[in-house]
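Open the structure in the viewer and keep the selection panel at hand. The stops below go from one chain to the other and then to where they meet.

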Amino acid sequence: MKHLSIRLKIISVVILSLLLTILVILYVTTKNQRDNLLLANEKTLTTSTAMLNVTIRNIMLNGEAPIAVRTVENLQTIQDIEEIEIYRTDGSRAFHDYMTLEIVNRNLGKKIFKKTKRIPNKTIDNDHFREVLDTNAPKRVELRSVKEMEYYFPILNVPDCRKCHGSDHFVRGVAYFRLSTKSVYNQIRNANILLSGVFVVAGIIISTVLVIFLKRTIIFPILSIGGTVKMVGTGDFEARVPVRSGDELGQLGNEINQMIQGLEERFHLSKYVSRTTENLIRQRGEIRRAGERQSLTVLFSDVRQFTRFSEENPPDEVIETLNRILQVQAETVERFQGDIDKFIGDAVMAIFTDEYTAVQCAYHMISSVRAIDREYGTGLRVGIGINSGEVVLGNIGSERRLQYAVIGDVVNVASRLSGLARPNMILISESVMQKLEGKVKVKRISDQQIKGKLEKISFYVVQGIIDVEKNRWLR
Amino acid sequence: MRTRRTLVLFSLILLSSSLFLALFGKKKFDPKPPLTVEEINGKALYRRFSVEEDYENYPYWPGHDGVRPGQSPHGDFHQIYVHPYLYDKLPIQSSMAPEGSIIVKCNLDTEKEIKVFTVMAKVKGYNPDAGDWFWAKISKEGDVLEEGKIVSCIDCHSALKDNDYLIIHKLERGK
């Protein structure tokens, strides 16, 4: 699965957080608004019911029951009032028959009320109605599914009523109101639409501002750091992280720039340090002054007649030509897994772990330098000396400046052989020859006195070397 | 060092537990002896249910908890607290509330804020003709507005004489 980019992650987190916040705010606001509106509705209803209760009671106390009936009927025409009824405690509709009228007349001992026209009967029987009769207290019921509100209001047989209705009961009946709350929900819906719009616009603006801000302060610096590191990985040490702030990312950018600078310096430094030195530094972590003995093959390559060349040519050309010759020799050494120990003027000292590779390398070094001569007409050639045996390796120099060097008689002899070799000639010592039986064609030069050696030594001019891979002689 | 850290941790746990209990723990209700004929008056009754025994520790009538719609003369909404002397005896087959019964009715306005307390207290020998109830109307600040054998209260509640003048809950019914 492809990983999400940090830019996408941050933008997603910002947008999701904002979306969540907006939803929560919207929910809380809507709920609060809904509760407030319903509460306001409830307050109005409570006040209206109390007023109606007082009105009906006063009308009834004055013996005007038909007016009370008409009042209740007319109230139903008011908007949002779906139903208003007065029920007796048995659940039948009040004023649908003459029962109450007859009881009142009987209680008063005279026919005070005439039998006026009655209204049709209907009944009520539900838990809320029964609960109101049981507790003698009003009850409000919210019917959310149909967006209505019911209100059950007990009509109490207060002392003023008892003269006509008797005192054998506490509740005379229940006033029932059913109101529509659609207008309330419409208000809520409209407010929701408005709020949602405001929040969406605000959310988009805030998201955009946040994303731009995060892009500038976090995303861009991180991507810059990533891009710079990638460029450094490809070898571009000129790349630098653009630092535009002093915050943690700015500090990180600065530190990375310093690190790149350090890498660049080390990279350039590595050109001046032999691989052996690098390996030893890596392996040990600390510089040891003690030496060690190791069996190695040492190769010396020296440019013939370079002094004359340098006298006859301008300095720029001299340096350019020398560098070109040293460069191809160094590349050849590297190709054959050897290690340039040092450049000494126009000479190269390299070390190898085996003799055959060193001779092979020498052969190709000569070919490379000849190719330069063919191309640039330098007229320069190299002569190469190779010796092998036990050498001493160690750090040589002062505490502040050390050089990891290979020293010993093996090195000296290799150097002398190089000095003796004519252009395009490879001279190898007896010890090298012993390891190359059958792999080289040589011409023995016996009992030669060389500088720095008391005894005479024999060495060999390499006339051909076998290419093991291609099974043919190279001459 | 480790012992000291454990001690600090233990103290913190103890402190936070005490704080939690102090803030949210239910206080143990300790009812006072019923008010007598000699002691009863509006001030004493107010002190009893609001100071000596916080009425909010009283239970509601069974099935009639919280703020409920009300009606005149008791306000648009009400909350009714019943003294444990009465509540704990429910159901009462004799339909007679025991001595020490107190019913605190918070009369609330349309904002559901307390306007006034209307209170009934059963005091043995106080008014044998009307159930020995002492009636009081007390402002939320504790000013006694009406007290004693209030005729309007007795007249209205007398319609439920069979239930010892109590309107909301039938005494012979359980909790």
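## Chain B

Select chain B: of its 175 residues, 32% count as buried. The model is a predicted one. Colour chain B by secondary structure, and four helices and six strands appear. Followed along the sequence, they come in the pattern α-α-β-β-α-β-β-β-β-α. A contact map of chain B is worth a look here: among contacts with a separation of 6 or more, 50% are between residues 24 or more positions apart.

## The helix pair in chain A

Now select residues 6-61 of chain A, which form helix α1, and residues 65-75 of chain A, which form helix α2. How far apart are the axes of these two helices, and at what angle do the helices pack? The axes are 7 Å apart and the angle is about 155 degrees. Because angles over 145 degrees count as roughly antiparallel, α1(A) is roughly antiparallel to α2(A).

Show side chains at the contact. From α1(A), pick A:Thr55, A:Ile56, A:Ile59 and A:Met60. From α2(A), pick A:Ala65, A:Ile67, A:Ala68 and A:Thr71. Coloured by class, this set divides into six nonpolar and two polar residues, with no charged ones.

## The sheet in chain A

Hide the helices and display the strands of chain A. Four of them make an open sheet in the order β1-β4-β3-β2, with antiparallel pairing. Select β1 (81-88) and β2 of chain A to find the edges; each has a single partner strand, so one side of each is left without a neighbour in the sheet. Looking across the sheet, the twist from one strand to the next averages 15 degrees.

Next, select β3 (residues 148-156) and β4 (residues 171-180) of chain A, an antiparallel pair joined over nine bridges. A:Tyr152 is a useful marker here, standing opposite A:Tyr176 in β4(A). Bring back helix α4 (residues 127-135) of chain A, which packs on the sheet and touches β2, β3 and β4 of chain A. The direction of α4 makes about 30 degrees with that of β3(A).

## Where the chains meet

Display both chains and select the residues in contact: 17 in chain A and 14 in chain B. Which elements of chain A each supply at least two residues to the side that touches chain B? They are α1 and β2 (139-143) of chain A. The largest share, five residues, comes from α1(A). Coloured by class, the side of chain A that touches chain B shows seven nonpolar, seven polar and three charged residues.

Definitions and conventions:
Residues numbered from 1 in each chain as written. Chains lettered and ligands numbered in written order. Predicted model: local features only at pLDDT ≥ 70, side-chain atom pairs only at ≥ 80, totals over all residues. Axes fitted to C-alpha atoms, helices over the stretch in contact; angles between N-to-C directions. Parallel < 35°, antiparallel > 145°, perpendicular 65-115°, else oblique. Contact = placed C-beta atoms within 7 Å. Nonpolar A, V, L, I, M, F, W, Y, C, P; charged D, E, K, R; others polar. Buried ≥ 20, exposed ≤ 12 C-beta atoms within 10 Å, placed from the backbone. Pairing = 2+ DSSP bridges.
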